[in-house]
Amino acid sequence: MVHRHAVTGRRVALTTLGALVATGIPAAVAAEPIPAAGSVPSAAQTLGADRPSAPMLRALERDLGLTPAQASRRLVNEAEAGTRAGRLRNALGDRFAGAWLRGTSSQELMVATTDATDVPAIEAQGAKAAVVKTPLRDLRAAKEKLDAAAARSDTGRTPLWYVDIPGNRVVVESASRAAAAAFVEAAGLDGKRVGVKVTKNRPRLMEDLTGGDAYYIDGTARCSIGFSVTKGEQEGFASAGHCGKPGAKTTGYNKAAQGTFQASTFPGKDMSWVAVTDPWKATPQVKGEGGQTVEITGSVQALVGAAVCRSGSTTGWHCGEVEQHDTSVSYAEGRVDGLTRTTVCAEPGDSGGPYVSGVQAQGVTSGGTGDCASGGTTFYQPINALLSDFGLTLKTAGAETPAPQGNAAQTWAAGRVYEAGVTVTHAGVRYQCLQTHQAQGPWAPEGTPALWQRV
């Protein structure tokens, strides 16, 4: 997150934070073909990846150096890979060590396991297998120990830590190896099993109803609208928590009165939502390039390695790739857990703006380093956690989705946020979730094998 003070026009300078180089197994695996019309819809058809918008394709071509055909195919491959990865996650259970994408068109789905006897099952799903030492659950447990240590330690010199799925390790980014070693020791972890990346850079906040449009907070700062949401009959938008506190007033890009912050969490998480008044209306649109928009159809979480694009009121529309989920960032203003790290650039004033993979909402801009002239790293607050915490419904194109009724019930219901791996009952049948998402009205389990597996 980077602060943008709109009244003075002052920018906070950013520096570049070095990214880790992931390892993996070579060789290509072609994506599964899209089923013929009239059959059960493919993942790409369910998620709208087979009909991308022009702004999305142009930005992928520009920022990732793709041809038009590669950009189109990449979105389809990523949608199909998400479903295959979800099925393998469920099948491997505690042996699952993560999944990620490789290749210009995301044509390679890599799935890691701790047991070599799983290789045939992985390959049968059109993926390449990586046999590793540590299951994902153990990596996450180690990451949680670092989180706990951060609550009682000064993380000023260790501003970033996360699970590196392709590397099958937990990584700490630090100003020095000594600072990293002290942090790892405080967490009670074996230093030999934690990777260290030495960097002098530190992420900053990017603070300054179409997603990406500017809005102003109490007339002193500017942020970007994330995604339109509803809470019952009340319309509004999601954004970053550091942009404003509950009760703060907002005005729109045209400086007209707009709304009020209803809830905000920062630090810890970086999420907020603003209730708007007439004439502001919630739309499923995110601002692309040249006045064009992208329509959001859901919030299915993208895999590591997937393409993702961001819209913001300072720098507009830019694309990159997902690097890690569940990243902890220690900003000068406080620590935030559960962010997703990307290679997309951003600058002051872009905070709160939306990240989109295909037509699926991913999250809202939190912070990062670098800029859009030299490149950089950014972090976003995942949208599904925001929707779940605040009891909101994402505004999407198509059929209306009812307001969520909470996540405790075991019966499937539209509007609830479901994490990958959870089980529900619908029409007397049990299903297991393949990909984290907020259930849309038309996405009942029996009709969406891209999201649910019958068990």
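Here is a walk through the structure, from model confidence to disulfides, two buried spots and two helices.

Keep in mind that this is a predicted model. The protein chain has a mean pLDDT of 89, and 89% of its residues reach 70 or more. The stretch to treat with care is residues 1-37, where the pLDDT is below 50. That stretch still has 132 contacts in the model beyond near neighbours in sequence, but they come with that low confidence attached.

Let's begin with the cysteines. A disulfide is a covalent bond between the sulfur atoms of two cysteines. The count here comes to 3 disulfides. If you number the bonded cysteines along the chain, the pairing reads 1-2, 3-4, 5-6.

Going along the chain, we start with cysteine 223, which is joined to cysteine 243 with an S to S distance of 2.0 Å. The torsion about that S-S bond is about -95°, so this disulfide is left-handed. Where do cysteine 223 and cysteine 243 lie? Cysteine 223 is in strand β11 (residues 221-224), while cysteine 243 is in the loop between β13 (234-239) and β14 (249-251), so the bond ties together parts that are 20 residues apart in sequence. Both cysteine 223 and cysteine 243 are buried.

Next comes the pair of cysteine 309 and cysteine 319, again with S to S at 2.0 Å. This link is right-handed, with 95° about the S-S bond. Here the bond runs from strand to strand: cysteine 309 belongs to β19 (residues 307-312) and cysteine 319 to β20 (residues 316-331), 10 residues apart. Cysteine 309 has a relative accessibility of 0%, so it counts as buried. Cysteine 319 is buried too, at 6%.

The remaining disulfide joins cysteine 345 to cysteine 372, S to S 2.0 Å. With 100° about the S-S bond, this one is right-handed. Cysteine 345 sits in the loop between β21 (334-342) and β22 (354-357), and cysteine 372 in the loop between β23 (360-371) and β24 (375-382), so the pair ties together parts that are 27 residues apart in sequence. Are its two ends buried or partly exposed? Cysteine 345 counts as buried because its relative accessibility is 9%, under the 20% cut-off. Cysteine 372, at 23%, counts as partly exposed. One further cysteine to look at is cysteine 433, which is buried with a relative accessible area of 0%.

Now turn to strand β3 (residues 96-102), which holds glycine 98. This glycine is at 1% relative accessibility, so it counts as buried. Which residues does glycine 98 touch, not counting those up to four places away in sequence? They are Met110, Val111, Ala112, Leu136 and Ile165. For methionine 110, the separation is 12 residues in sequence and 8.3 Å in space, C-alpha to C-alpha.

Threonine 134 is another spot to visit, in the loop between β5 (128-131) and α5 (136-150). Its relative accessible area is 10%, so threonine 134 is buried. Its side chain makes a polar contact of 3.4 Å with the side chain of arginine 193. Leaving aside neighbours within four places in sequence, threonine 134 is in contact with Arg193 and also with Ala97, Thr114, Leu139 and Asn168.

Finally, the helices. Helix α2 (residues 54-64) has Pro55, Met56, Leu57, Ala59 and Leu60 as its buried residues. These residues pack against α3 (68-92) and the strands β18 (293-295), β19, β20 and β22. So this packing brings us back to β19 and β20, the strands that hold cysteine 309 and cysteine 319. Just after α2, glycine 65 takes a positive phi of about 65°.

Helix α7 (residues 383-390) can be read in a similar way. Its buried residues are Ile383, Asn384, Leu386, Leu387 and Phe390. Seen down the axis of α7, they fall within an arc of 160°, so they line one face of the helix. The general geometry helps here: an α-helix has 3.6 residues a turn, so residues three or four places apart point the same way. Just after α7 comes glycine 391, with a positive phi of about 65°.

Technical notes. Residues are numbered from 1 along each chain as its sequence is written. This is a predicted model: local features need pLDDT of at least 70, side-chain atom pairs count only at pLDDT 80 or more; totals for chains, interfaces and linings use all residues. Side-chain values use heavy atoms; hydrogens and water are left out. Buried means under 20% relative accessible area, exposed over 50%, partly exposed in between (1.4 Å probe, protein chains only). Helices (H or I, at least four residues) and strands (E, at least two) are DSSP runs, numbered from the N terminus. The arc is that of the directions from the helix axis to the C-beta atoms. Contact means heavy atoms within 4.5 Å. A disulfide is a pair of cysteine sulfur atoms within 2.5 Å. pLDDT is the predictor's confidence in each residue, from 0 to 100. A polar contact is a pair of N or O atoms within 3.5 Å; within protein, one must be able to donate a hydrogen and the other to accept it, and residues adjacent in sequence count only if both atoms are side-chain atoms.
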